[in-house]
Amino acid sequence: MPAENDRVFMARALKLAERGLFTTTPNPRVGCVLVKAGEVVGEGWHERAGESHAEVNALRAAGERARGATAFVTLEPCTHHGRTPPCVDALLAAGIARVVAAMEDPNPKVSGTGFARLRAAGVGVECGVLAECAETLNEGFISRMRHGRPMVRMKVAASLDGRTALENGVSQWITGPAARQDGHRYRARSCAIMVGIGTLQDDDPRLTVRDVQTTRQPKRVVVDSRLRVSPAARVFEGGDVLVATAVRDDQKIAALEARGAQVVVMTDTEGKVDLSALMLELGRREMNEILVESGNRLHGALLVAGLVDELVFYLAPQLLGDLGRGMFALGELTRLEQRIDLDVRQVDRVGDDWRFVARIRQG
């Protein structure tokens, strides 16, 4: 089969995988297309954890037509028995002749073993078709598998002069409804939304997904070194909140747990929440993507700690002046070499505002 056709069918598999953008956590987003004699005979995607994987859904759609077909799958087929049986077994039982994968599975329980089993059974295997696209789709899962921590995405809404709120803390609303709805899509795809105590006290947010359709609400993570959060805060409505603190106050912890929250104590050398340890804890809890929507202090601390992977800026065409609150508390920089350089990957207009997506420039 010509290489160009391989790219076409893999592109379709990636589109299918995107349908699980809001629902598959903690599993990766995976799509599969079965092709025989140049014709698509079955396709499927992984919809949510605990349910059948993309390959099984595609095989079910194809039925007997799967025998002798090529499977285009965005991730190496699994070999371990988790909540569902191994996909390699299903592919072999269906008589698949060739497997084209976008990337190897970073999960050490799989990582190459799926390809090895397929080749040992006489199935043709190729890997690397549209690999970069597949990796982008599952960056959080890859980060957790390789580094033990989730991908961290920071979202900031600000004026053109970089102010996220007035001096008195008022910030609703700097950006327009289209930008806020777009921001809720980032919430919907995230495993958790993280916020600092300052933002919680200023805005009393619920941190839920409201402006897009989703069947799953992300966990809320509150970073509160001194346990100042009130048990009456709206963030506790509906439960599923994790509070990270640096102090062990049994009475306050009990009050928060009575509201359905979980509290973890992790203290760094300065008596604040150990953010690196927190990210590892979130990875241990099988979280792939974290969305940080906080104030300049937590934003700055995460940047200084090297824990931010991506920044999403929504900039509104307005000016709030030099007394307004800034985006990041980075401390005093005395040399330009101390700056944090960014690679801007994407710029789009969203309603009346502008969205910039950037990565930290390495080195």
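Just after helix 11, Gly-306 takes a positive phi of about 70°, and I start there with helix 11 itself, which spans residues 296–304. Helices here are DSSP runs of H or I with at least four residues, strands are DSSP runs of E with at least two, and both are numbered from the N terminus. In helix 11, Leu-298, His-299, Gly-300, Leu-302 and Leu-303 are buried, where buried means under 20% relative accessible area, exposed means over 50%, and partly exposed is what lies in between, with a 1.4 Å probe and protein chains only.

Before going on, I should say that this is a predicted model, in which local features need pLDDT of at least 70 and side-chain atom pairs count only at pLDDT 80 or more, while totals for chains, interfaces and linings use all residues. Residues are numbered from 1 along each chain as its sequence is written, and side-chain values use heavy atoms, with hydrogens and water left out.

Let me turn to the sheet of nine strands, which is open, has mixed pairing and follows the order 10-9-8-7-11-6-12-14-13; two strands are taken to pair if DSSP finds at least two bridges between them. Strand 10, residues 262–265, and strand 13, residues 342–350, stand at the edges with a single partner strand each, so one side of each is left without a neighbour in the sheet. On average, and with direction ignored, neighbouring strands of this sheet are turned by 20° against each other, the axes being lines fitted to C-alpha atoms, for helices over the stretch in contact, and angles running from 0 to 180 degrees between N-to-C directions.

Within that sheet, strand 6 (residues 151–159) and strand 11 (residues 289–292) run parallel and are joined by four bridges, and Met-154 stands opposite Val-292 in strand 11. Two helices lie across these strands. Helix 7, residues 177–189, lies across strands 6, 7, 11, 12, 13 and 14 and runs at about 165° to strand 12, whereas helix 10, residues 275–284, lies across strands 6, 7, 8, 9 and 11 and runs at about 165° to strand 8.

What does Met-151, in strand 6, touch, once residues up to four places away in sequence are not counted? Taking contact as heavy atoms within 4.5 Å, Met-151 touches Glu-139, Gly-140, Ser-143, Asn-288, Glu-289, Ile-290, Asp-309, Glu-310 and Arg-359. Met-151 counts as buried at 3% relative accessibility, and its C-alpha lies 8.8 Å from that of Met-287, although the two are 136 residues apart in sequence.

Glu-310, one of those contacts of Met-151, lies in strand 12 and is itself buried, with a relative accessible area of 8%. Leaving aside neighbours within four places in sequence, Glu-310 is in contact with Met-151, Val-152, Arg-153, Met-154, Val-357, Ala-358 and Arg-359. Arg-335, in the loop between strand 12 and strand 13, counts as partly exposed at 47% relative accessibility, and its C-alpha is separated by 43 Å from that of Val-212, 123 residues away along the chain.

The model also has an open sheet of five strands, in the order 2-1-3-4-5 and with mixed pairing. Strand 2 (39–45) and strand 5 (124–127) stand at its edges, each with a single partner strand, so one side of each is left without a neighbour in the sheet. Neighbouring strands of this sheet are turned by 15° against each other on average, direction ignored. Strand 3, residues 70–73, pairs with strand 4, residues 98–101, in the parallel sense over four bridges, and the bridge partner of Phe-72 in strand 4 is Val-100. Helix 4 packs on the sheet, touching strand 4 and strand 5, and its direction makes about 150° with that of strand 5.

Helix 4 (residues 113–120) also meets helix 3 (residues 87–94), their axes coming within 10 Å and crossing at roughly 20°. That makes helix 3 roughly parallel to helix 4, since angles under 35 degrees count as roughly parallel, over 145 as roughly antiparallel, 65 to 115 as roughly perpendicular and the rest as oblique. The contact is made by Val-88, Asp-89 and Leu-92 of helix 3 and Gly-114, Arg-117 and Leu-118 of helix 4.

Finally, the cysteines: how many disulfides are there? With a disulfide defined as a pair of cysteine sulfur atoms within 2.5 Å, the count comes to zero. The sulfur of Cys-78 is 3.7 Å from the closest cysteine sulfur, in Cys-87, which is too far for a bond, and the sulfur of Cys-32 is 8.5 Å from its closest, also in Cys-87 and again too far. Cys-32 is buried at a relative accessible area of 0%, and Cys-78 counts as buried at 7%.
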